[in-house]
Amino acid sequence: MTVISSSEQETRELGKRMAGKVTPGTVISLRGSLGAGKTVFAKGFAEGLGITEAIVSPTFTLVQEYDGRLKLYHLDLYRLSGEDEFESMGGEDFLYSDGVALIEWSEKIEDMLPDDTIFINITINEDLTRSIEIRGIEL
């Protein structure tokens, strides 16, 4: 399924709606270029889980943890060198947890992702809207 988002608010609302559909152990691969809206989506997703803390991109810390209806592990692997570094930081624990792992730049650990991973790809269109392709979950 592909959704066209015309604003940050629409992207946030999509994230919020998806959060109502996930269960413990869900892994979400969130992909898109810099500035595509991955963190905007993550903010809405967190809101949908009942998280009231400010959501920031964990680019420098790699992982931010938040408590809500389910624990949210928000990972940003942009600065990660690859699967070996992910394993050495204990990253597999996030892939098989009782919370939800929302992973930006997950292509760096492509072969490690569980078979039931939900894939979200955000593309910036020429008119600056966003095409948000969702695979692995029905909304």
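**Pocket, strands and salt bridges of the predicted model**

In this predicted model, the largest pocket has a volume of about 170 Å³. The pocket is lined by 14 residues, of which Leu34, Gly35, Lys38, Thr39 and Glu104 are the closest to its centre. When the lining of the largest pocket is sorted by residue class, 6 of its residues are polar, while 4 are nonpolar and 4 are charged.

The overall architecture of the chain may be considered next. The protein chain contains 4 helices and 7 strands, and these elements follow one another along the sequence in the pattern β-α-β-α-β-β-α-α-β-β-β. The radius of gyration of the protein chain is 14 Å, close to the 14 Å that the globule rule gives for 139 residues, and the chain is therefore as compact as a globular protein of that length. Taken along the principal axes, the box filled by the C-alpha atoms of the protein chain is roughly 40 × 30 × 30 Å. Of the 139 residues of the protein chain, 50% count as buried.

Burial is well illustrated by strand 4, which spans residues 72-76. In this strand 5 of the 5 residues are buried, so strand 4 is largely enclosed by the rest of the structure. In a regular strand, the side chains alternate between the two faces of the sheet. In strand 4, Leu72, His74 and Asp76 point one way, whereas Tyr73 and Leu75 point the other way, and all of these residues are buried.

The pairing of strand 4 involves both strand 3 and strand 5. Strand 3, which comprises residues 63-66, runs antiparallel to strand 4 and is joined to it by 4 bridges. The connection from strand 3 to strand 4 is a hairpin that passes through 5 residues. With strand 5, by contrast, strand 4 pairs in the parallel sense, over 5 bridges. His74 of strand 4 takes part in both descriptions: Gln64 stands opposite His74, and His74 in turn stands opposite Leu102 in strand 5.

Beyond strand 4, the chain continues into the loop between strand 4 and helix 3 (83-88), and Leu80 has its place in this loop. Is Leu80 buried or exposed? The relative accessible area of Leu80 is 2%, and because residues under 20% count as buried, Leu80 is classed as buried. Leu80 and Gly44 are separated by 36 residues in sequence, and their C-alpha atoms lie 25 Å apart in space.

Contacts between charged side chains were examined as well, and the count of salt bridges comes to 7. One of them joins Arg12 to Glu47, with the closest N and O atoms 3.6 Å apart. This pair links distant parts of the chain, since Arg12 belongs to helix 1 (residues 8-19) and Glu47 to helix 2 (residues 38-48), and the two are 35 residues apart. Glu47 also meets the side chain of Lys16 in a salt bridge, at 3.3 Å from N to O. Here too the partners come from distant parts of the chain, Lys16 lying in helix 1 and Glu47 in helix 2, 31 residues apart. Taken together, Arg12, Lys16 and Glu47 are linked in a network of salt bridges. Each member of this network has an intermediate accessibility: Arg12 counts as partly exposed at 28% relative accessibility, Lys16 counts as partly exposed at 33%, and Glu47 counts as partly exposed at 36%.

A further salt bridge is formed by Arg31 and Glu110, whose closest N and O atoms are 2.5 Å apart. Arg31 lies in strand 2 (residues 27-32), and Glu110 lies in the loop between strand 5 (100-104) and strand 6 (118-124), so the pair ties together parts that are 79 residues apart in sequence. As for the surroundings of the two partners, Arg31 counts as buried, at 17% relative accessibility, whereas Glu110 is partly exposed, with a relative accessible area of 35%.

Notes:
Residues are numbered from 1 along each chain as its sequence is written. This is a predicted model: local features need pLDDT of at least 70, side-chain atom pairs count only at pLDDT 80 or more; totals for chains, interfaces and linings use all residues. Side-chain values use heavy atoms; hydrogens and water are left out. On a 1 Å grid over the protein atoms alone, a cavity is a set of points where a 1.4 Å probe fits but cannot get out, and a pocket is an open set with protein on both sides within 12 Å along at least five of seven lines; lining residues have an atom within 4 Å of a point. Grid points are joined across faces, edges and corners, and a volume is the space filled by probe spheres set on the points. Ala, Val, Leu, Ile, Met, Phe, Trp, Tyr, Cys and Pro count as nonpolar, Asp, Glu, Lys and Arg as charged, and the others, Gly among them, as polar. A salt bridge is a side-chain nitrogen of Lys or Arg within 4 Å of a carboxyl oxygen of Asp or Glu. Buried means under 20% relative accessible area, exposed over 50%, partly exposed in between (1.4 Å probe, protein chains only). Two strands pair if DSSP finds at least two bridges between them. The radius of gyration is taken over C-alpha atoms; the globule rule is 2.2 Å times the number of residues to the power 0.38.
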